[in-house]
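Here's a walk through one protein model, for someone who likes to think in contacts and accessibilities. Have the viewer open and follow along.

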Amino acid sequence: MELADYSLIGNAAAFMAVLGVLLASVLAFANKLLWVYEDPRIHEVESLLPASNCGACGLAGCHPFAEALIEGKITPSACTVSSREATEEIAAYLGVDAGEAEKRLAYLACAGGKHVARLRAYYVGMGSCRAAAQVAGGPKACGWGCLGLGDCVVACDFGAISLNRNGLPGVKADLCCACNDCVEVCPKHLFSLHPVSHRLWVACANLLHGDSAEADCEVACTACERCAKDAPEGLIEIRNNLAVVNYALNELASPDVIERCPTGAIVWLDPKSGVRKGKAAKPIFRTESLPARQAYQTVRM
């Protein structure tokens, strides 16, 4: 190798060394210029959180929640997934009050299991509510009813939802953390999150009127207006053939308003005895699937 070749190699090496030092200096300067202080307590608090990143607190995940705690924008009890012990530990670490947050649960606006709701077609395809809903709204005669294929069960990371024998999702109150996943995944938009103090509930989303609604589902709201007439003024109104509860007046709610509902579409959620229907609601003893109103069709996906 000639001397000139060694000179070129040396020059190249020197250039790269100078370039490396220059870039390192720029990065060091930028790091110092753009550096943002982060309270070390954030990581400590985050380590005490359940790391589920479920969003039930209303924030994007556990790290933003920890930041909000340090800034005093939220109380530890706002994490509905944490145990009471973990909440108290976080409060003690930060020297703040744990706070009180009313538990919220996912409620399903449908009671139309296969023993009370009719089908208009067989569905053959992917075992998914979203897939079934793409085929003319699904196989149920009620176009607003739960399709019962369990997308909400799959979406719930906490095992809080399971299908009962009638193909209807049931929410386990002790496991539900109001993470909102079931709300987002349901193609019929039947789930919503409510504080446990919301005892009055309309378990129906059918917008048909009277006999037309009941022909599709025996527990549908028929817009008979009896609950609205029996309720304190403004608590319940009939909107688009469906009873709607004004939860801004929730303190006026009582089991009395459900007593004359003929189908049991509006219920009282008792913390001890569970779902309570009014005295006028027809009892349902059937356990087998309800026969179709007309010949089945087979819909494939």
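Leaving aside neighbours within four places in sequence, which residues is Ala228 in contact with? The answer is a short list: Ile236 and Ile238. Before going further, keep in mind that this is a predicted model. Ala228 itself sits in helix α9, which covers residues 226-230. There's also a longer-range relation to look at here: the C-alpha atoms of Ala228 and Val257 are 7.6 Å apart, with their positions 29 residues apart along the chain.

One of those two contacts, Ile236, leads straight into the interior. The largest nonpolar core has 50 residues, and Ile236 is listed with Phe191, Leu200, Trp201 and Ile266 as those with the most contacts inside it. Several elements give two or more residues to this core: the strands β1, β5 (191-195), β6 (200-202), β8 (242-245) and β9, plus the helices α6 (151-155) and α7 (181-185). A second core, separate from this one, has 12 residues, including Cys62, Ala78, Ile90 and Leu94.

Stay with Phe191 for a moment. Once its neighbours within four places in sequence are set aside, Phe191 is in contact with Ala106, Tyr107 and Leu108, with Cys152 and Ile161, with Pro169 and Val171, and with Cys182, Val183 and Cys186.

Now pick up Tyr107 from that list, and Trp201 from the core. How many aromatic pairs does the count come to? Just one, and Tyr107 and Trp201 form it. Their geometry is edge-to-face, at 5.2 Å centre to centre with 65 degrees between the planes. An angle over 60 degrees is what counts as edge-to-face, so that label follows from the cut-off. Tyr107 belongs to strand β1 and Trp201 to strand β6, so the pair ties together parts that are 94 residues apart in sequence. Both partners are buried: Tyr107 has a relative accessible area of 8%, and Trp201 comes in at 9%.

Trp201 turns up again if you step along to Ala109, which is in the loop between β1 and β2 (122-124). Is Ala109 buried or exposed? At 12% relative accessibility it counts as buried, because the cut-off for that class is under 20%. Not counting residues up to four places away in sequence, Ala109 touches Leu190 as well as Trp201, Val202, Ala203, Cys204 and Ala205. Asn206 can be placed against it too: Ala109 and Asn206 are 97 residues apart in sequence, but 9.4 Å apart in space from C-alpha to C-alpha.

Next, the open spaces. The largest pocket holds about 840 Å³ of space. Its lining is made of 29 residues, and Pro169, Gly170, Val267, Leu269 and Val275 are the ones nearest its centre. Four strands each supply at least two residues of that lining, namely β1 (104-108), β4 (169-171), β9 (266-270) and β10 (274-276). Which of the elements gives the most to the lining? That's β1, with four residues. Chemically, the lining of the largest pocket breaks down into 20 nonpolar, five polar and four charged residues.

The second largest pocket has a volume of about 320 Å³. Here 20 residues form the lining, with Lys114, Leu119, Pro139, Leu147 and Leu149 nearest the centre. By class, this lining has 11 nonpolar, six polar and three charged residues.

A couple of backbone details are worth a look as well. Most residues other than glycine have a negative phi. Asn180, though not a glycine, has a positive phi of about 85 degrees. Asn180 sits in the loop between β4 and α7, and is partly exposed, with a relative accessible area of 24%. Asn240 also has a positive phi, near 55 degrees. Asn240 lies in the loop between β7 (236-239) and β8, and counts as exposed at 57% relative accessibility.

One last stop: Thr87, in helix α4 (residues 84-94). Where Asn240 is exposed, Thr87 is buried, with a relative accessible area of 4%. Beyond its neighbours within four places in sequence, Thr87 is in contact with Pro76, Ser77, Ser82 and Ala98.

Definitions and conventions:
Residues are numbered from 1 along each chain as its sequence is written. This is a predicted model: local features need pLDDT of at least 70, side-chain atom pairs count only at pLDDT 80 or more; totals for chains, interfaces and linings use all residues. Side-chain values use heavy atoms; hydrogens and water are left out. On a 1 Å grid over the protein atoms alone, a cavity is a set of points where a 1.4 Å probe fits but cannot get out, and a pocket is an open set with protein on both sides within 12 Å along at least five of seven lines; lining residues have an atom within 4 Å of a point. Grid points are joined across faces, edges and corners, and a volume is the space filled by probe spheres set on the points. Ala, Val, Leu, Ile, Met, Phe, Trp, Tyr, Cys and Pro count as nonpolar, Asp, Glu, Lys and Arg as charged, and the others, Gly among them, as polar. A nonpolar core is a set of buried Ala, Val, Leu, Ile, Met, Phe, Trp, Tyr and Cys residues joined through side-chain atoms within 4.5 Å. Buried means under 20% relative accessible area, exposed over 50%, partly exposed in between (1.4 Å probe, protein chains only). Contact means heavy atoms within 4.5 Å. Rings of Phe, Tyr and Trp (its six-membered ring) pair if their centres lie within 6.5 Å; planes under 30 degrees apart count as stacked, over 60 as edge-to-face and the rest as tilted.
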